[in-house]
Amino acid sequence: MPATVDIRRAVDRAVTRTDWLQSRHSFSFGDHYDPDNTHHGLLLVNNDDRVQPATGFDSHPHRDMEIVTWVLDGELTHRDSAGNQGVIYPGLAQRMSAGSGIVHSEKNESSFKPVHFIQMWIAPDQTGITPGHQQVDVDDQLSRGGLLTIASGIPGHDGALTLHNRSAALHVARLGSGDSVELPAAPYLHAFVTRGEVRLEDAGELAVGDAARLTDTCGRRLTALRNCEVLVWEMHAKLGG
């Protein structure tokens, strides 16, 4: 396939709003269905969620999905039917493997502060695996700059969290103004700006909430125009192939 860059602006995302939740969807989700925007590569969900104090997602089921949660501000408490429990905060990455079936809740237990987080879903290579949970603090490593792998299933690919998909990895770049990184070479990339502003080589500027969907990338450079953070999915396959 020819190399392409598809820029998706923050303001064009579908939005779910309730009295306790604002969720902005990069792809089709829930009641927001667009047959031309269901995924990119292996990435099915990239939700940008803000949950009000003392509220959150009550217990609900998932099956056969790898779910990675990355908190930007505040704290999110996770509990699941496998007995796992933990608080996710900025700099700590969490992966939940729904596998053969799991029930979990995600709550903002603060009485005064909202929580802001990104939740991302990819399908596992194999269905019906044993449900699992993993989390690790990578804040110190991120402070060194560069592109840090925080989750990966790619063989020989160092990742803080294990993904049950051999074709996918998630990286985070936390850059100071003027710093740059080279993006991985892969058939599919998804770069999502969580903070600051960046310039993508030969594609232009991206602000908070903007995303770039790349195919057949050969290592474009990403440069911070001001202090920034970018989530980058590297994918060597696509859904169904």
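With which side chain does the side chain of His 62 make a polar contact? In this predicted model, the partner is the side chain of His 104, at 3.3 Å. His 62 belongs to strand β5, which covers residues 55-62. With a relative accessible area of 13%, His 62 falls under the 20% limit and is therefore buried. Beyond the four places on either side of it in sequence, His 62 is in contact with Ile 67, Met 96, Ala 98, Gly 101, Ile 102, His 104 and Trp 121. Two of these names, His 104 and Trp 121, lead into the sheets and the aromatic pairs described below.

The strand that carries His 62 is part of an open sheet. Four strands make up this sheet, in the order β5-β10-β7-β8, and their pairing is antiparallel. The edges are taken by β5 and by β8 (85-88); each has a single partner strand, so one side of each has no neighbour in the sheet. From one strand to the next, the twist averages 15°. The partner of β5 is strand β10 (residues 102-108), and the two are joined in the antiparallel sense by six bridges. Within this pairing, Phe 57 has Glu 106 of β10 as its bridge partner.

A second open sheet contains seven strands, arranged in the order β2-β3-β4-β11-β6-β9-β12 with antiparallel pairing. Here β2 (14-17) and β12 (132-137) stand at the edges, and because each has a single partner strand, one side of each is left without a neighbour in the sheet. Neighbouring strands are turned against each other by 20° on average, direction ignored. Strands of a sheet pair through backbone hydrogen bonds, in either a parallel or an antiparallel manner. Strand β3 (residues 21-25) and strand β4 (residues 43-51) run antiparallel and are connected by five bridges. His 25 stands opposite Asn 47 in β4.

The loop between β3 and β4 includes Phe 27. Is this residue, Phe 27, buried or exposed? Phe 27 has a relative accessible area of 3% and is buried. Its C-alpha atom is separated by 8.9 Å from that of Leu 43, which is 16 residues away along the chain. Apart from its neighbours within four places in sequence, Phe 27 is in contact with a set of residues that includes Asn 37, Thr 38, His 39 and His 40. The same set includes Leu 43, Leu 44, Val 45 and Asn 46, and also His 190 and Arg 213.

Aromatic rings supply further links. A pair of such rings is described by the distance of the centres and the angle of the planes. How many aromatic pairs does a search of the whole structure find? The search finds two. Trp 20 and Phe 57 form an edge-to-face pair, with 5.1 Å from centre to centre and 85° between the planes. This pair links distant parts of the chain, 37 residues apart: Trp 20 is in the loop between β2 and β3, and Phe 57 is in strand β5. Trp 20 counts as partly exposed, at 21% relative accessibility. Phe 29 and Trp 121 also pair; their ring centres are 5.6 Å apart and their planes stand at 75°, so this pair is edge-to-face. Because Phe 29 lies in the loop between β3 and β4 and Trp 121 in strand β11 (residues 115-122), the pair ties together parts that are 92 residues apart in sequence. Phe 29 is partly exposed, with a relative accessible area of 26%, whereas Trp 121 is buried at 14%.

Another loop, between β6 (66-73) and β7 (76-80), holds Gly 74. At 10% relative accessibility, Gly 74 counts as buried. The C-alpha atoms of Gly 74 and Pro 90 are separated by 7.3 Å, with their positions 16 residues apart along the chain. Leaving aside neighbours within four places in sequence, Gly 74 is in contact with Ile 88, Tyr 89, Pro 90, Lys 113, Pro 114 and Val 115.

The cysteines complete the account. A search of the whole structure finds zero disulfides. Cys 218 is exposed, with a relative accessible area of 73%, whereas Cys 228 is buried at 4% relative accessibility.

How values were computed
Residues numbered from 1 in each chain as written. Predicted model: local features only at pLDDT ≥ 70, side-chain atom pairs only at ≥ 80, totals over all residues. Heavy atoms only, no water. Pairing = 2+ DSSP bridges. Axes fitted to C-alpha atoms, helices over the stretch in contact; angles between N-to-C directions. Buried < 20%, exposed > 50% of the residue type's maximum accessible area, 1.4 Å probe, protein only. Contact = heavy atoms within 4.5 Å. Disulfide = S-S within 2.5 Å. Polar contact = N/O pair within 3.5 Å; in protein donor to acceptor, adjacent residues only side chain to side chain. Phe/Tyr/Trp six-rings, centres within 6.5 Å; stacked < 30°, edge-to-face > 60°.
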